[in-house]
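Here is a short round of questions and answers for a first look at a protein chain. Keep the sequence and the 3D view open as you read.

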Amino acid sequence: MNTPLIDPFQRAITYLRVSVTDRCDFRCVYCMSENMTFLPKKELLTLEELDRVSSTFVRMGVRKLRITGGEPLVRKGIMTYFQSMSRHLESGALDELTLTTNGSQLARFADDLVAAGVRRVNVSLDTLDEAKFAEITRWGRLPQVLKGIDAAQSAGLRIKINTVALKGFNEDELFRLTDWCAKRDMDLTFIEVMPMGDIGNENRIGQYWALSDLRGELRKRFTLTELAERTGGPARYVRLEETGQKIGFITPLTHNFCESCNRVRMTCTGELFMCLGQEDRADLRGPLRQSESDAPLDQAIRNAILRKPKGHDFDYSRQKIDGQMSRHMSHTGG
Ligand code: SAM
Ligand code: SF4
C-alpha cells in the first residue's frame, strides 16, 4: 500500500524526523540533566530497522528525512544508515536527506555525508564565546565544533546555524552571531526555548527570551523583510536588507503553526510522535519486529496518522508552564 499519508485535518505527511540515538557527547543545560540515564542498547532500533521503517515512510510519500538525536553522529555505524538512505535520493523518491547535529563530529564525517547525498546540515550553536559554550553545553568545546563547521563547508555542505535564544545568556551576542553567519554565508535560525523534560535545577522561565523581543533588537540595526517561505514547520523567515541574510524564527510558544504541520517524529526506540507538543504516540517497534512482512508496520503507521492532533498545548502565560512535556528533546529529537 503506497497511498500517501493524510491526517484527519487533510495535512499530507511528507516529512519524517528520525532520532537515531538518545545519547550525546554534550549535556546542554536546556536539553539534558548532567546525569542522564540512557536507554539500554537493546531498546534501540537497529540500523537495519531504522532503514526499514524510514523506507516504509518514504514509500508512503515522505519526501524529506531529517536525522537527529541525541547526537546522531555518535551512533555507532550511523554512516551505514546514511549510505543506505541515499538510494531513495537516487531513485527520486526522496527530495532531501539531512541532519541536525551539535557539530562535534563533523570533521570526521563531512565527506561521508556528502557522499551519501546530504547537501545541507543544521548545526546547533548558542554562543561564540568559548567559556560560555563550555557552560551551556557542559561537556562541549567550541574549537572542536568550529573545526567541524570548517570541514563541513570545505566538503561543500550548506550550513544553517540553530541558536536557542536564552535570556541573560546570548542576548548580548545577537549581532556577533548574525555577523559571523553573514561572513561565512550561513543561514541562522533562532529557537525559543521549550519546556521539555526534567533538566535538573535550571530555571526554564528565566531562560525564556521571546523571539518577538529578539526581532525588536534586530530591527534596531537592520531592515527586516518578511519572507513568504514556509517549510510546513514552525519556522518563519525574514531577510535582513542590509546584508541579504535570511534569519529564521522558531516560535512554537508564541505562535501557532500547527495548521500547516507536515511532519511526524520517530524516537530511537521506534515510538512515533504525531505532535511534538502532545504525549500521544504509537509504537512502531512492536509491529516492525512482529513480522518480516511490512504489513503490520504499514497498518500501525496509518493508524497513528489518523490520530495526529490538530495542534499542541504549550503555553508559557502567567509564568506557569502549561502543557509541559515530561520527555526530553533528545528523546523526540527536537
Ligand atoms: N544533538 C543535536 C543538536 O544539538 O543539534 C540534535 C538533537 S538536539 C535535541 C536538536 C535541537 O533541539 C538543537 O538545536 C537544540 O538546541 C534544540 N533543543 C534542545 N532542547 C531544547 C529546548 N528545551 N528548547 C528548545 N530547543 C531545544
Ligand atoms: Fe546533545 Fe543536542 Fe541535547 Fe545539546 S541539544 S545535549 S547537543 S542532544
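Two strands count as paired if DSSP finds at least two bridges between them. The model shown is predicted.

Q: Over how many bridges do strand 4 and strand 5 pair?
A: Pairing needs at least two bridges. Strand 4 covers residues 120-124 and runs parallel to strand 5. R120 stands opposite R158 in strand 5. The count of bridges between strand 4 and strand 5 is 5.

Q: Which residue of strand 6 stands opposite V164?
A: Strand 5 also pairs with strand 6, residues 187-192, in the parallel sense. That pairing has 6 bridges. Opposite V164, in strand 6, stands I191.

Q: Which helix joins strand 5 and strand 6 in a β-α-β unit?
A: The unit is made of strand 5, a helix and strand 6. Its hand is right-handed. The helix spans residues 174-183 and is helix 6.

Q: How many of the 8 residues of strand 5 are buried?
A: Strand 5 spans residues 158-165. The strand is largely enclosed by the rest of the structure, because most of its residues fall under the 20% cut-off for buried. The number buried is 7.

Q: Why does the span of helix 1 agree with its number of residues?
A: Helix 1 runs over residues 47-59, which makes 13 residues. The expected span is 1.5 Å times one less than that number. This gives 18 Å, so it agrees with the distance between the end C-alpha atoms, 18 Å.

Q: How many residues of helix 1 are buried?
A: Helix 1 is mostly covered. Its buried residues include L47, L50, V53 and F57. Of its 13 residues, the number buried is 10.

Q: Which residue with a positive phi follows helix 1?
A: Look just past the end of helix 1. The phi there is near 105°. The residue is G61.

Q: Is S86 buried or exposed?
A: S86 lies in helix 2, residues 78-91. Leaving aside neighbours within four places in sequence, S86 is in contact with L97 and A116. Its relative accessibility is 10%, under the 20% cut-off, so S86 counts as buried.

Q: What share of the 334 residues of the protein chain counts as buried?
A: The chain has 11 helices and 12 strands. Among contacts between residues at least 6 apart in sequence, 72% join residues at least 24 apart. The chain exposes about 14200 Å², with 50% supplied by carbon and sulfur atoms. The buried share of its residues is 58%.

Methods:
Residues numbered from 1 in each chain as written. Chains lettered and ligands numbered in written order. Predicted model: local features only at pLDDT ≥ 70, side-chain atom pairs only at ≥ 80, totals over all residues. Heavy atoms only, no water. Helix = DSSP H or I, 4+ residues; strand = E, 2+ residues; numbered from the N terminus. Buried < 20%, exposed > 50% of the residue type's maximum accessible area, 1.4 Å probe, protein only. Contact = heavy atoms within 4.5 Å. Right-handed = clockwise from strand over helix to strand, strands pointing away. Areas by Shrake-Rupley, 256 points an atom, 1.4 Å probe, with all protein chains shown as cover.
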